[in-house]
Amino acid sequence: MPCPWPGTGRRGLPTDLALIQRVVRENTAVPCVVVAGAATSGQAAELAAQGDGVIVDTAIAKQVAELGQSSVGSVGAYVRRMKKAVGQGL
C-alpha cells in the first residue's frame, strides 16, 4: 500500500489503513505491504497487523546518513528490533 501521507517519525499513524487494506484485498490477491514511515518498533508492529509486510527505509537511511560507515552496528540492532516487533524474530 503506498503511503498517502508523508514523513517518518510522525506522532501517530493514520487510522484508515484497515479500509485501505480491505479495498486492496478485494481487488487483488497479491501481498499487501505497508509503506507508512514507521520509525519505532511499536509503529512497525501496528502496521504489520494491517498488511503482509512493513517497509522501513527512511529511518534506516537517516541512521546511515548520520553515522556513515559506523552505522552498521546500530542499523543491525534497529533491524533486529523491528523484525522482532513484527513477529519475524531474528
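This is a short tour of one protein chain, stop by stop. The model is predicted.

**Stop 1: Val 35**

Select Val 35. You are in the loop that links strand 1 (33-34) to helix 2 (41-48). Is Val 35 buried, exposed or partly exposed? Its relative accessible area is 30%, so Val 35 counts as partly exposed.

Now add Ile 55 to the selection. In sequence, Val 35 and Ile 55 are 20 residues apart. In space, their C-alpha atoms are 5.2 Å apart.

**Stop 2: Gly 53**

Keep Val 35 on screen and select Gly 53. These two residues are 18 apart along the chain, and their C-alpha atoms are separated by 8.7 Å. Gly 53 belongs to strand 2, residues 53-54. Gly 53 is buried, because its relative accessible area of 18% falls under 20%.

Which residues does Gly 53 touch, apart from neighbours within four places in sequence? Show Cys 32, Val 33 and Val 34: Gly 53 is in contact with these three.

**Stop 3: the nonpolar core**

Next, select Leu 17, Val 34, Ala 36, Ala 38 and Ala 44. Add Leu 47, Val 56, Ala 59, Tyr 78 and Met 82. Together these 10 residues form the largest nonpolar core. Two elements give two or more residues to this core: helix 2 and helix 4 (72-85). In soluble globular proteins, nonpolar side chains tend to be buried together.

**Stop 4: helix 2 against helix 4**

Colour helix 2 and helix 4. How do they pack? The angle between helix 2 and helix 4 is about 35 degrees, and their axes lie 8 Å apart. Their crossing is right-handed.

Zoom in on the contact. From helix 2, show Ser 41, Ala 44 and Ala 45. From helix 4, show Arg 81, Met 82 and Ala 85, which meet them. Sort the residues of this contact by type: four are nonpolar, one is polar and one is charged. Ala 44 and Met 82 are already familiar, as both are in the core from the previous stop.

**Stop 5: Gln 63**

Finish in helix 3, residues 58-67, and select Gln 63. Is Gln 63 buried or exposed? Its relative accessibility is 17%, so Gln 63 counts as buried.

Then show Ser 74. The side chains of Gln 63 and Ser 74 are joined by a polar contact of 3.3 Å. Leaving out neighbours within four places in sequence, Gln 63 also contacts other residues, including Gly 68, Ser 71 and Val 75. Tyr 78 is on that list too, and Tyr 78 is part of the largest nonpolar core.

Key. Residues are numbered from 1 along each chain as its sequence is written. This is a predicted model: local features need pLDDT of at least 70, side-chain atom pairs count only at pLDDT 80 or more; totals for chains, interfaces and linings use all residues. Side-chain values use heavy atoms; hydrogens and water are left out. Helices (H or I, at least four residues) and strands (E, at least two) are DSSP runs, numbered from the N terminus. Buried means under 20% relative accessible area, exposed over 50%, partly exposed in between (1.4 Å probe, protein chains only). A nonpolar core is a set of buried Ala, Val, Leu, Ile, Met, Phe, Trp, Tyr and Cys residues joined through side-chain atoms within 4.5 Å. Axes are lines fitted to C-alpha atoms, for helices over the stretch in contact, and angles run from 0 to 180 degrees between N-to-C directions. A crossing is left-handed if the near helix is turned anticlockwise from the far one by less than a right angle, and right-handed if clockwise. Contact means heavy atoms within 4.5 Å. Ala, Val, Leu, Ile, Met, Phe, Trp, Tyr, Cys and Pro count as nonpolar, Asp, Glu, Lys and Arg as charged, and the others, Gly among them, as polar. A polar contact is a pair of N or O atoms within 3.5 Å; within protein, one must be able to donate a hydrogen and the other to accept it, and residues adjacent in sequence count only if both atoms are side-chain atoms.
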